[in-house]
Structures are given as structure tokens and as C-alpha cells.
Amino acid sequence: MAEKRKVTRKKIEATNEMKQFMADYYYELDHAAKTGEKKVAWCSSVGPAEILRALGFLVYFPETHSAMLGATRMAMDYIPHANALGYTPEICSYLTADIGAFTQGVTPLSKAYEGIESVPKPDVLVFNTNQCRDVQDWFSWYSREFQAPIVGIHTHRGVMDVTESHISSIANQMENMIEPLEKISGIRFSMDELKRVLALSRECSDLWKEVLDTAAAIPSPLTFFDGTTLMGPAVVGRGTQQAVDFYRVLLAELEERVENDDGAVEGERYRIYWEGMPIWGRLRAHSELFAELKTCVLASTYCNSWIFSDFDPEDPFNSMAKAYTELFIVRSDEAKEKYITRMIEFFKVDGIVFHDARTCPNNSNCRYGMPQRLEVKTGVPALVINGDLNDLRCLSDEQTNTNIEAFIEQLEEQ
Ligand code: SF4
């Protein structure tokens with residue numbers, strides 16, 4: 001039997017700064033939406049946030065809001081309300097939970113931040129289909145609801161090598177957004193401002209990468225479960241000085257931990273890579289389960305998705321087009337397997353957990369033989385667990401826990 005014992009989870013001190021960052025972010029949005037002092041743009045999580053910031057918009061990300069619905073386990077109460085509108089339980093449970101909650105006038109923001117009663121009303125909704133088509137359908141629903149304009153970028157999918165033709169097509173779409181967005185924001189586009197914002201976004205991305213890379217240390221100073229919350233500023237705050245400042249503080253803390261051999265999991269014995277979406281409503285339970293097994297889930301494709309190393313302030317449109325198309329989720333299985341192989345080596349991983357998220361085929365990479373191919377290629381064993389990002393009805397806790405324990409036992413035997 002894999003050895004199991006009760007553990008106390010180690011707190012990352014910078015979490016307090018992160019909570020303050022998120023509070024400031026949501027209060028600023030709320031104020032703007034209530035007073036009209038600034039325009040609000042809704043943006044998909046890997047959409048062109050830098051263009052929006054450069055045009056003076058405050059940027060709101062519905063996916064982060066829906067992850068809150070998942071983490072607070074409110075999602076299941078509201079998914080049926082979206083189902084009743086014809087959005088089936090089989091599609092993205094971020095979409096269904098978010099729309100369902102909106103129809104009932106509910107938001108987890110009210111519980112977290114006193115005085116915020118609803119999500120901020122959009123002046124425009126902007127998506128990029130680089131991650132999936134669901135964001136387009138999701139934003140279209142709100143566009144009809146708020147009678148607000150919607151603008152989108154349509155990205156190629158299943159891309160092996162990102163070529164010049166991919167880049168120029170996406171860069172053109174980005175440039176074509178400027179005129180309609182200028183009209184909505186009432187602010188004239190400035191290339192200098194875009195370069196400034198993009199430089200900040202690049203700095204945020206570089207720092208976030210350095211944060212995640214500290215997990216290569218043995219023992220790792222952070223877990224994937226820490227990363228899913230610490231990534232908040234990289235998602236919603238990229239392009240701002242505040243996000244850069246936060247990651248400097250966090251990085252310093254983690255570097256100190258590395259120096260002191262202070263691992264996130266006491267007595268770390270096994271190192272796991274997480275492939276796929278988090279199960280938001282089980283973050284704590286999974287974090288404790290793995291820690292009890294002296295196993296550190298230390299790296300993931302998911303947290304790495306907000307690393308945009310190709311951003312170049314000297315060539316904004318082409319470099320944004322490249323970075324937003326080179327993302328893992330956009331790529332072919334062959335490119336994805338090469339990427340995961342590199343991650344296995346870099347993070348010195350003993351095993352991979354693939355999360356097959358029922359309502360997100362786009363972020364579930366275990367349905368076409370990838371775990372098996374990678375196992376043959378790298379010799380690193382894989383486990384597939386069935387679940388979902390938000391809809392906990394797709395998950396059997398008992399089965400998941402048994403499978404994880406058996407998997408760690410298998411690593412022990414090896
Ligand atoms: S990538 Fe998956 S979880 Fe994210 S919006 Fe698309 S379908 Fe939903």
C-alpha cells in the first residue's frame with residue numbers, strides 16, 4: 001500500500017498579496033461599470049487583452065468568474081438553468097455555470113467582495129477561438145443579453161508548426177479590430193501605448209514562467225494546486241504594473257524556499273505532471289490527497305498556458321499573433337507530445353495524470369491515445385482520471401481517489 005499520512009498544507013505568504021490584487025481588480029471593474037468612468041471589455045482568457053488595455057478598457061475575464069463558481073461548488077446549482085435555455089450539459093461547464101448563474105442574478109463575487117452585486121456590464125465582448133468555439137457561443141449569449149457589440153479572432157486549430165501564414169492571418173485580424181474598438185472606447189489607438197502594455201505583459205509572463213520553473217527544484221517549493229490560484233494576476237492582470245510587482249514578490253519567496261530546501265509537500269517522494277483542466281471544486285481535496293501520499297503535483301500544461309514568451313514590444317501585432325497561436329491548446333497532438341516530453345524532462349517527473357474533463361474536449365488530451373504514446377516514448381507512466389472542471393456530477397471521488405492511490409503504489413513498486 002502507498003504510505004499515507006495526514007499533512008498540513010504549507011501556505012505561500014504571497015497569497016495575501018494575491019488576494020488583495022484580485023480584490024482591487026474586481027472593485028475597479030465594479031466601480032467602472034457602475035459609474036461609466038471607464039469602458040469595460042470582456043475578454044476570453046487567452047484573448048487579445050493587451051489591445052484592449054492599450055485602448056483604455058478595463059478587462060474582465062468570464063472564465064475566471066466561472067472558475068470561482070466551480071471552486072465555491074456553486075456551479076452545479078446553476079448549470080441546469082443554462083441547460084433549460086438549450087445549452088446542453090455536454091458543452092463547456094464554464095459556459096453553462098456562468099450563464100445559469102447570471103440568469104438567476106447570482107455571482108460568487110458578492111460573497112467574496114462586499115458591495116459587488118453583479119458581474120460588470122460589458123461595453124464590448126472580445127474573444128479568440130484559439131482555445132475553443134465555446135467562448136464565441138458564450139460571449140454571443142451575453143452580447144444578445146446586454147445588446148453589446150462582439151468582436152472576435154478566429155484562430156486555426158490543430159496546428160503542428162506555426163507558420164508565417166498563420167501569423168499574418170491572425171495579426172491582420174488583430175489590426176482589423178482596432179477601428180471598431182476605438183469607436184467603442186472613444187480613445188484613439190496609440191502604437192506607443194500598445195508597446196508599453198505589451199512590454200508589461202511580457203514581463204509578467206517571464207516572471208510567471210520563472211515562478212512555475214521553480215518547481216523543477218527537488219523538493220518543489222510549489223504545487224499545481226497553488227499555481228491554479230496564484231495564476232490569477234497572470235490571467236486577469238497581464239499588461240499591468242501591479243501584476244509584475246506581485247510576481248516579483250512571489251518569485252522571491254519561492255527562490256528562498258528553494259534555497260532552504262523547503263518543499264511544498266513534506267517528504268516529497270514522487271513528482272507528478274498534471275495534464276488538463278483543474279477540478280475546481282476539488283482543489284483542496286486533491287491537494288491533500290497527493291500530499292498525504294508524499295506526492296507533489298508540481299507542474300501542468302494548464303498553468304503554463306499564460307506564458308507568452310514570444311511577445312515582442314518592437315513588433316506587437318506579429319508577436320502577439322505568434323504567442324497566442326503557439327499555445328499548447330491550439331496545437332496538433334504531435335506538437336503537444338513534444339511539449340509534454342520536454343516538461344517531463346525539465347520537471348523530472350515520475351508520472352502524469354491526465355484529467356479527462358467531460359465538458360472540455362479542448363483541454364482533455366487523453367481521448368486519442370496520447371497517454372499511451374507518451375508512455376511508450378518516455379517510459380513515464382500515465383493515469384487518466386474522469387471528471388470535469390466545474391460539473392462535479394461527472395466525477396466519482398471514490399473512484400478517483402482509489403485510482404490515484406493505486407497509481408502512486410505503482411510508482412512505488414517501480
Ligand atoms: S477551453 Fe474548455 S473550459 Fe475553457 S472555455 Fe473552452 S470549453 Fe470551456
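Proline 219 is found in the loop between H9 and helix H10 (224-230). A cis peptide bond joins this proline to isoleucine 218, with omega at about -5°. Keep in mind as you read that this is a predicted model.

**A second loop worth a look**

Another backbone feature turns up at arginine 73, in the loop between helix H3 (62-71) and helix H4 (75-83). Its phi is near 55°, which is a positive value in a residue other than glycine.

**How the helices pack**

Two packed helices are described by the angle between their axes and the distance between the axes. Here are three helix pairs set out that way.

| Helix pair | Angle between axes | Axis distance |
|---|---|---|
| H9 (residues 191-213) and H12 (residues 241-259) | about 20° | 9 Å apart |
| H16 (residues 333-347) and H17 (residues 370-378) | about 50° | 11 Å apart |
| H3 and H5 (residues 93-103) | roughly 85° | within 9 Å |

Let's start with H9 and H12, which pack at an angle of about 20° with their axes 9 Å apart. The angle is under 35 degrees, so H9 counts as roughly parallel to H12. H9 passes H12 in a left-handed crossing. On the H9 side, the contact is made by Leu200, Glu203, Cys204, Leu207, Trp208, Glu210 and Val211. H12 contributes Gln241, Ala243, Val244, Tyr247, Arg248, Leu250, Leu251 and Leu254. Sorted by class, this contact has 11 nonpolar, one polar and three charged residues.

Next come H16 and H17, with their angle of about 50° and axes 11 Å apart. That angle makes H16 oblique to H17, and H16 passes H17 in a right-handed crossing. Asp333, Glu337, Ile340, Thr341 and Ile344 of H16 make the contact with Met370, Arg373, Leu374, Lys377 and Thr378 of H17. By class, the residues here are four nonpolar, two polar and four charged.

The last pair takes us back to H3, the helix before the arginine 73 loop. The axes of H3 and H5 come within 9 Å and cross at roughly 85°. An angle from 65 to 115 degrees counts as roughly perpendicular, and H3 and H5 are therefore roughly perpendicular to each other. In H3, the residues Pro62, Glu63, His65, Ser66, Leu69 and Gly70 meet Tyr94, Ala97, Asp98 and Ala101 in H5. This contact has five nonpolar, three polar and two charged residues.

**The sheet E2-E1-E3-E4**

Now for the strands. Four of them form an open sheet in the order E2-E1-E3-E4, and the pairing is parallel. Why is one side of E2 and of E4 left without a neighbour in the sheet? Strand E2 (58-60) and strand E4 (150-153) stand at the edges, and each has a single partner strand, so one side of each has no neighbour there. Neighbouring strands of this sheet are turned by 25° against each other on average, direction ignored.

Within this sheet, strand E1 (residues 40-43) and strand E3 (residues 124-128) pair in the parallel sense over three bridges. If you would like a landmark to find on screen, tryptophan 42 stands opposite leucine 125 in E3.

**The sheet E6-E5-E7-E8**

Four strands also form an open sheet in the order E6-E5-E7-E8, again with parallel pairing. Strand E6 (295-300) and strand E8 (382-387) are its edge strands, each pairing on one side only. On average, neighbouring strands here are turned by 30° against each other, direction ignored. Strand E5 (residues 270-275) runs parallel to E6 and is joined to E6 by five bridges. In E6, the bridge partner of arginine 271 is cysteine 296.

H17, already met as the partner of H16, packs on this sheet too, touching strand E7 (351-357) and E8. The direction of H17 makes about 165° with that of E8. Helix H18 (residues 397-413) lies across E5, E6, E7 and E8, running at about 175° to E8.

**Around the ligand**

Which residues are found around the ligand? They are Glu63, Cys92, Tyr94, Gln131, Cys132, Asp134, Val135, Met277, Cys360, Asn362, Asn363 and Leu389. By class, the shell has seven nonpolar, three polar and two charged residues. Two of these names are familiar from the helix packing above: Glu63 in H3 and Tyr94 in H5.

Key. Residues numbered from 1 in each chain as written. Predicted model: local features only at pLDDT ≥ 70, side-chain atom pairs only at ≥ 80, totals over all residues. Pairing = 2+ DSSP bridges. Helix = DSSP H or I, 4+ residues; strand = E, 2+ residues; numbered from the N terminus. Axes fitted to C-alpha atoms, helices over the stretch in contact; angles between N-to-C directions. Parallel < 35°, antiparallel > 145°, perpendicular 65-115°, else oblique. Left-handed = near helix turned anticlockwise from the far one by under 90°. Contact = placed C-beta atoms within 7 Å. Nonpolar A, V, L, I, M, F, W, Y, C, P; charged D, E, K, R; others polar. Near = placed C-beta within 6 Å.
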